[in-house]
Amino acid sequence: MVARLSRLLIATRNRDKLEEIRSILGDSSQDFVSLIDFPDMGEIVESGATLEENAFIKARAAFQRTGIPSIGDDTGLEVDALDGRPGVYSSRYAGENATYSRNVDKLLSEMKGVPPAERTARFRCVAALVGPGFEQSVDGVCEGVILEARRGDGGFGYDPVFFVQETGRTFAEMSLADKNGISHRGRAFRAMAELLKKLAVQPRG
Ligand code: IMP
């Protein structure tokens, strides 16, 4: 269905995400480039109303501008006590260009007084693949609870307050390998690796 392709583009400039994605994809990730390799490409505006729309907006824009089959991904933290917020607005929760730390501060303040049993949340990641004549997406989910204070120094974003009950640790207390083993992004990108195999979109060996 799809010709063999020598390169894929991960449509992000976020180095935290790229480190995780390269680790999840393993050896073949040397054949992936990212938007960091295309410094002249303008910003891609994430104007979608859903994670899936944003993932496709990024992947389509990157493919159209470079001609390289592209993977766009978008992640949201869905907090039950906040009716699913911040969701698609996770990166801008505390305002445009908000830092990770300010977003976490806002989350902790909105969750003040919410009892432990009602602090359930999940990370959801959608990864979309766009190339010549094909568009497909996969997703991955990781369930957890929002702590009342930060724990751990690793990871990024909301990791210090996202506690995964089965492991007894926050994402920020896990090694990269442990986080990738259970995370939303790990699940989505392992599904993406399977999809790439099925489509015979194979990075050069
Ligand atoms: P993005 O769509 O992948 O850029 O993610 C949107 C926002 O969600 C980021 O700016 C982070 O604040 C947060 N986020 C995404 N992935 C993770 C993660 O693995 N851990 C913690 N926060 C994350």
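## Getting started

A strand here is a DSSP run of at least two residues, labelled E and numbered from the N terminus. Keep that in mind for E4, which covers just residues 86-87 and holds proline 86. One more thing before we look around: this is a predicted model.

## The chain as a whole

Let's start with the big picture. The chain has five helices and eight strands. If you walk along the sequence, they come up in the order β-α-β-α-β-β-α-β-β-β-β-α-α. The radius of gyration is 17 Å, close to the 17 Å that the globule rule gives for 205 residues, so the chain is as compact as a globular protein of that length.

To picture the outline, imagine a box drawn along the principal axes: the C-alpha atoms fill roughly 55 × 30 × 25 Å.

## Around the ligand

Now for the ligand. The space it takes is the largest pocket, and 15 residues surround it. Lys17, Asp74, Asp159, Lys179 and Arg185 are the closest of these. Sorted by character, the shell has six charged residues, five polar ones and four nonpolar ones. Two elements to look for are strand E3 (70-79) and helix H5 (184-199), as each supplies at least two residues of that shell.

Zoom in and you'll find some polar contacts to oxygen atoms of the ligand. Lysine 179 has a side-chain N or O atom 2.8 Å from a ligand oxygen. With lysine 17, a polar side-chain atom lies 2.9 Å from an oxygen atom of the ligand. Threonine 75 uses its backbone instead: one of its N or O atoms there sits 3.0 Å from a ligand oxygen. As for how covered the ligand is, it would expose 470 Å² taken alone, and the protein buries 94% of that.

## Two backbone details

Follow the chain on from E3 and you get to the loop between E3 and E4, where aspartate 83 is found. Have a look at its backbone: phi of aspartate 83 is near 55°, a positive value in a residue other than glycine.

The other detail involves proline 86, the residue we met in strand E4. A cis peptide bond joins arginine 85 to proline 86, and omega there is about -5°.

Key
Residues are numbered from 1 along each chain as its sequence is written. This is a predicted model: local features need pLDDT of at least 70, side-chain atom pairs count only at pLDDT 80 or more; totals for chains, interfaces and linings use all residues. Side-chain values use heavy atoms; hydrogens and water are left out. A residue is near a molecule or strand if one of its heavy atoms lies within 4 Å of it. A polar contact is a pair of N or O atoms within 3.5 Å; within protein, one must be able to donate a hydrogen and the other to accept it, and residues adjacent in sequence count only if both atoms are side-chain atoms. Accessible areas come from the Shrake-Rupley method with a 1.4 Å probe; for residues, only the protein chains shown count as cover. On a 1 Å grid over the protein atoms alone, a cavity is a set of points where a 1.4 Å probe fits but cannot get out, and a pocket is an open set with protein on both sides within 12 Å along at least five of seven lines; lining residues have an atom within 4 Å of a point. A molecule sits in a cavity or pocket if more than half of its atoms lie within 2 Å of its grid points. Helices (H or I, at least four residues) and strands (E, at least two) are DSSP runs, numbered from the N terminus. Ala, Val, Leu, Ile, Met, Phe, Trp, Tyr, Cys and Pro count as nonpolar, Asp, Glu, Lys and Arg as charged, and the others, Gly among them, as polar. The radius of gyration is taken over C-alpha atoms; the globule rule is 2.2 Å times the number of residues to the power 0.38.
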